Every structure is written in structure tokens, then in C-alpha cells.
Amino acid sequence: MHPARACRPARVRDNGPVSVKSRIVIVGGGPGGYEAALVASQLGADVTVVEENGPGGAAVLTDVVPSKTLIATAEVLATVGSSGELGIHGLGRVRADLGEVNRRVKDLAQAQSRDITRRLETEGVRIVEGRGVLEGPSRVRVGDQVIEADTLLISTGAAPRELPDARPDGERVLNWTQLYDLEELPEKLVVVGSGVTGAEFASAYHALGAQVALVSSRDRVLPGEDADAAEVLEDVFRRGGMEVLSRSRAQSVKRTDAGVVVTLADGRTVEGSHCLMAVGAVPNTSGLGLEEAGVTVSASGHIGVDRVSRTSARGVYAAGDCTGVFPLASVAAMQGRKAMWHALGDAVSPLELRLVSSNVFTSPEIATVGVTQAQVDAGLEAVSVKLPLATNARAKMQGIHDGFVKLFASPSGRVLGGTVVAPRASELIHPITLAVSARLTVDEVASVFTVYPSISGSVAEAARQLHIG
């Protein structure tokens with residue numbers, strides 16, 4: 001833990017006739033915290049951010065930024081590996097130097113944290129290094145320092161969940177924050193957990209050249225995602241040589257002389273050189289003094305919030321993974337902004353989860369927004385169409401065989417949501433998100449020009465096929 005210290009005095013911008021500056025204290029400097037700080041500073045408040053590990057928090061230092069940087073390298077290798085189909089040969093000896101890759105990953109994460117620090121300081125935000133603990137709803141203690149507040153925001157994030165018989169040791173048994181210390185590519189990586197984190201790292205390490213075994217306790221990988229999308233991804237994994245063990249719950253992980261052995265609940269074992277534990281996350285809310293401050297916390301440790309991020313305690317807000325709303329950096333940032341807009345009397349609308357777009361950074365990527373197939377299967381009235389990318393001209397040119405665009409619409413033709421499975425699906429979901437947000441009809445989406453040839457053309461074609469006569 002860093003000693004508590006104020007990095008620099010606050011500089012408060014004059015944004016209008018504010019007679020008394022509101023004192024905002026934000027515990028946690030991740031996306032929810034630093035975005036909230038920027039909004040509060042813009043609105044003329046006196047802002048202090050308390051952060052234990054560095055501005056950006058886990059999202060920047062050990063989670064989103066590092067993992068997506070690693071995945072970006074894996075994407076390049078995957079592209080090179082499939083270039084033979086395009087008539088490009090002689091690239092077979094290309095390999096990744098994992099030590100060099102991981103050094104770049106960590107350097108980029110630190111650089112992003114420094115950029116956030118400079119932005120906060122430029123906007124007059126005071127940064128205090130250390131662990132903040134609430135002493136009631138208007139006081140935060142950081143070491144020997146006590147900071148008074150008119151409004152508090154808790155944005156402390158979450159940490160990797162650990163199983164009693166599979167605790168990471170940082171060498172052979174790893175959580176996702178410890179992968180970036182590896183100097184050499186694992187000979188065989190056993191990934192326990194087939195949710196988003198497990199699937200992303202399994203995909204990335206497989207592309208980097210490691211043997212991968214993915215242990216899933218459920219019927220399929222990505223049980224929380226579109227079933228059609230998960231089926232495509234699992235098929236890609238298996239065809240590429242990945243070992244996927246479905247309905248296989250890990251019971252324990254032990255080190256051996258040669259690596260690790262994962263014992264499954266049915267007695268089977270899986271051996272590997274390393275094991276990644278990706279079995280979910282737990283909120284960082286223990287020992288923060290939340291209950292004493294009147295903040296309601298669920299049995300899972302998550303802070304209860306409403307749609308403008310208010311907790312049960314007056315003047316106390318919360319944002320990000322510690323709330324359990326949606327474990328996405330974009331949602332954390334929006335929760336933080338809405339909290340400050342509400343607390344400081346600015347215009348604010350409640351958080352709408354139907355407008356949240358998300359992406360799984362596997363190969364191919366899986367992006368979703370709005371209504372899902374599961375909701376439709378459960379009885380939601382909607383029509384849908386699914387177009388395979390194999391029929392898209394641009395996809396054929398690029399050698400893309402797997403993936404699809406799926407669009408959902410109301411019986412009257414309003415776009416309700418969609419799923420895209422494709423390379424760069426994270427970019428392709430945006431027009432669907434705009435359509436859902438603006439309540440566009442399928443005819444309005446279909447009438448907009450698209451580039452030919454383009455993958456996005458499949459979005460317009462799906463809309464055309466949903467035309468309500």
C-alpha cells in the first residue's frame with residue numbers, strides 16, 4: 001500500500017455562479033471513479049480521488065487494458081496464420097516472444113495510467129494514494145488522513161474470485177492479473193472457467209501458439225451469451241485444435257514437478273504446464289465501512305444502487321463492478337458520470353441497460369446490444385433474422401468463414417437489438433446500438449447507404465429482410 005499523501009492541491013475551474021463548492025470524495029480511481037471526477041470538476045466541485053494502486057484502477061493496470069493489448073497481439077498472429085488461404089506463404093515461422101509482449105502490455109497500462117493522472121491533475125482533481133475507508137456517510141479515512149465530503153462515490157471494482165482448492169501462486173496457478181509476469185509461452189495452458197474472461201484468454205493464448213484446454217462447468221462456452229454465437233465460437237475453438245471440456249467442473253488444482261494437474265468433479269484429471277483460474281470476480285467492498293455508513297450490501301458483497309447510482313445512504317453513490325450492475329468499463333464510467341450529474345444538480349437521465357453494447361474479445365469477437373435471443377425464446381414478442389457472414393462479399397475476400405449478423409425487431413419494425421459474430425464485431429455493433437438508442441425502424445436502417453463491399457453491409461441487409469410490409 002502506498003503511504004497516504006496528497007499529490008497536489010486542487011485547482012477548481014470556475015464554471016458559473018457556484019457560491020459554495022461541493023466537496024466530492026471518490027474512493028476508487030477506475031473508470032467509474034476518474035470519469036466521475038472529471039464531470040464533478042467540470043461542474044465546479046472540489047474533487048478528491050482516493051486510489052490505492054494508481055489512477056485507472058484495475059481496469060487500466062491489470063484487467064481491460066492489459067488483456068486487450070495482449071489480445072491485439074494474438075489477433076495479428078491469427079491473421080498471419082490464416083494468410084495461406086489468401087495466397088500469402090512463407091510466414092510459418094512467425095512467433096510471439098511472450099516476455100516482450102508482456103513488457104509492452106505492462107508499459108502501455110502504466111502509460112495509460114499516467115495519461116489519466118495528468119488529465120485529472122489538469123482538471124484540478126486532488127489525488128490521494130492509499131486505501132480509503134468510510135467513517136460514516138461523509139468522511140473517508142486514508143491512513144492518518146481524514147477527508148470530509150458532501151458527497152461520496154464508491155468505485156472500488158472487483159478482484160478475481162478464488163477457489164479454496166485452487167489458489168493462485170503466481171507461478172503455475174494464475175489469476176488473470178498474474179499472466180503478464182510470464183516470460184515464456186506456456187506449453188499447455190489449462191483455463192478453468194468458460195465465461196468471458198476464460199474464453200478471451202483461451203482464444204488469445206491459443207492464437208499465440210500455446211496448447212489450450214478450456215474447462216467449462218456448463219453445457220457450452222460463454223453460457224451468458226447468445227447461444228448461436230457461443231456455438232460458432234466453440235466450433236472455431238475445436239476446429240483449431242483447442243481441447244474444450246464441457247460439463248466439467250474443476251474441483252482442485254495442484255502443482256506438480258512438471259506443471260499442474262486439474263482434478264474434475266467426476267474424477268478425471270487434466271494436466272498442463274500452467275493453469276489460469278477464471279471463475280468470476282468478487283467486489284472489493286469488504287472492510288470499507290459501508291455497513292457502518294448505512295450503505296446496503298448484498299450477500300454477494302455488491303453495493304445496491306438505483307439507476308442514477310444512489311446507494312441506500314444519503315449522499316453516497318456507487319459505480320462500477322462493485323455494484324454488480326454490468327461488469328463493463330463503459331457502464332462503470334456512465335454510472336460515475338450519472339452519479340455526479342445527479343449529486344451536483346445537472347441534467348441526468350436514468351441508466352438504461354438496453355442501450356449497453358458489450359463485446360467478447362475472442363476470435364471471432366461477439367458483440368451484443370439490446371434484446372437477446374434468450375429473451376425472445378422466453379416469450380418476448382419480436383421477429384429476427386440471422387445472416388451468415390459466409391455470404392458477405394467482403395468476408396469472402398478476407399477469408400472470413402465464421403460468424404453472422406443477427407437483428408431483432410418488434411412486430412411493428414422497430415430495431416430492438418442485435419448480435420454480431422465477426423472479426424472487429426466491437427466496431428460493427430455500433431450502428432445497431434445507434435438504431436436501438438434512436439428507436440429506428442428496420443426500414444430506416446435499411447435505407448441508409450453502406451459501402452460495398454463491407455461487413456457492415458450485412459447489417460443493412462438484415463434490416464431489409466425484416467421489412468414489415
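Trainee: Which residues line the largest cavity?
Mentor: This is a predicted model, and its largest cavity holds about 60 Å³ of space. The elements that each give two or more residues to the lining are α3 (64-81) and α5 (196-208). The full lining consists of Ile71, Ala74, Glu75, Ala78, Ser203, Ala204, Ala207, Phe361, Thr362 and Ser363.

Trainee: Which element gives the largest share of that lining?
Mentor: Ile71, Ala74, Glu75 and Ala78 are among the lining residues, and α3 spans 64-81. With four residues, the largest share of the lining of the largest cavity comes from α3.

Trainee: How many residues in the lining of the largest cavity are nonpolar, polar and charged?
Mentor: The lining includes Phe361 and Ile71, as well as Ser203, Thr362 and Glu75. Sorted by class, the lining of the largest cavity has six nonpolar, three polar and one charged residues.

Trainee: How many cavities of 30 Å³ or more does the structure hold?
Mentor: The largest cavity has about 60 Å³ of space. The second largest cavity has about 30 Å³. At a cut-off of 30 Å³ or more, the number of cavities is two.

Trainee: Which helix gives the most to the lining of the second largest cavity?
Mentor: That cavity is lined by Leu407, Val415, Pro431, Ile432, Ala435, Val445 and Val459. Three of the lining residues come from the helix at residues 430-437, α11.

Trainee: What is the class make-up of the lining of the second largest cavity?
Mentor: Its lining includes Leu407, Pro431 and Val459. By class, the lining of the second largest cavity has no polar residues, no charged residues and seven nonpolar.

Technical notes. Residues are numbered from 1 along each chain as its sequence is written. This is a predicted model: local features need pLDDT of at least 70, side-chain atom pairs count only at pLDDT 80 or more; totals for chains, interfaces and linings use all residues. Side-chain values use heavy atoms; hydrogens and water are left out. On a 1 Å grid over the protein atoms alone, a cavity is a set of points where a 1.4 Å probe fits but cannot get out, and a pocket is an open set with protein on both sides within 12 Å along at least five of seven lines; lining residues have an atom within 4 Å of a point. Grid points are joined across faces, edges and corners, and a volume is the space filled by probe spheres set on the points. Ala, Val, Leu, Ile, Met, Phe, Trp, Tyr, Cys and Pro count as nonpolar, Asp, Glu, Lys and Arg as charged, and the others, Gly among them, as polar.
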